[in-house]
Amino acid sequence: MSIAQNPLSVEVTLPREDIALFTVAGYLDVDTSTELRHHLANQFHHGRRHFLLDLSAVPFMDSSGMNIIVRAYQQARESGGSVHIIAPVPAVQRILDLTGVSITVPISGTVEESLALVEKSDATDTAGGAGHAPRV
């Protein structure tokens with residue numbers, strides 16, 4: 001059973017008032033994905049608009065994890081925010097590519113790269129540009 005052998009841990013930090021960084025470690029699957037969903041919901045509730053998901057320590061993700069990312073992306077876009085995936089391992093990157101999520105949700109190699117994308121997007125939005133990716 002995944003949850004007993006590979007519990008999921010989620011650490012949330014706030015690089016900026018409207019940005020939540022989620023450092024996720026462990027298997028992100030049907031047995032563990034509820035934890036990430038609760039952390040995301042909590043940050044949405046507190047008014048965060050941008051969500052950075054560091055998946056560098058996630059060796060496996062199934063459709064439950066994918067669904068959480070897609071829902072978070074949709075909800076963030078509705079509030080003028082964004083979701084960014086950081087440093088997925090090759091197995092997770094493959095799932096993101098096969099499902100097309102990597103076309104819609106930006107993927108960066110580092111937290112700093114993702115923060116720069118958020119800053120650039122905010123600057124574009126402030127200047128009156130569209131700055132929005134297509135909805136999934």
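Good morning. By way of definition, two strands are said to pair if DSSP finds at least two bridges between them. With that in place, I turn to the structure, which is a predicted model.

The central subject today is an open sheet of five strands. Their order is β1-β2-β3-β4-β5, and the pairing is mixed. Which strands stand at the edges? They are β1, residues 9–16, and β5, residues 107–108. Each has a single partner strand, so one side of each is left without a neighbour in the sheet.

Let us begin with β1 and β2. These two strands pair in the antiparallel sense, over six bridges. A hairpin of two residues connects β1 to β2, and Arg16 is placed opposite Ile19 in β2.

From β2, the chain passes through helix α2, residues 33–45, and on to β3. This β-α-β crossover is right-handed. Strands β2, residues 19–25, and β3, residues 50–57, run parallel and are joined by six bridges. Along this pairing, Thr23 stands opposite Asp54 in β3, and Ala25 stands opposite Ala57, also in β3.

How many residues of β2 are buried? Five of its seven residues are, and the strand is thus described as mostly covered. As a general remark, the side chains of a regular strand alternate between the two faces of the sheet.

Finally, I draw your attention to helix α3, residues 63–78. Helix α3 lies across β3 and β4. Strand β4 comprises residues 82–86, and the helix runs at about 145 degrees to this strand.

Thank you for your attention.

Key: Residues are numbered from 1 along each chain as its sequence is written. This is a predicted model: local features need pLDDT of at least 70, side-chain atom pairs count only at pLDDT 80 or more; totals for chains, interfaces and linings use all residues. Side-chain values use heavy atoms; hydrogens and water are left out. Helices (H or I, at least four residues) and strands (E, at least two) are DSSP runs, numbered from the N terminus. Contact means heavy atoms within 4.5 Å. Axes are lines fitted to C-alpha atoms, for helices over the stretch in contact, and angles run from 0 to 180 degrees between N-to-C directions. Buried means under 20% relative accessible area, exposed over 50%, partly exposed in between (1.4 Å probe, protein chains only). A crossover is right-handed if, with the strands pointing away from the viewer, the path from the first strand over the helix to the second runs clockwise.
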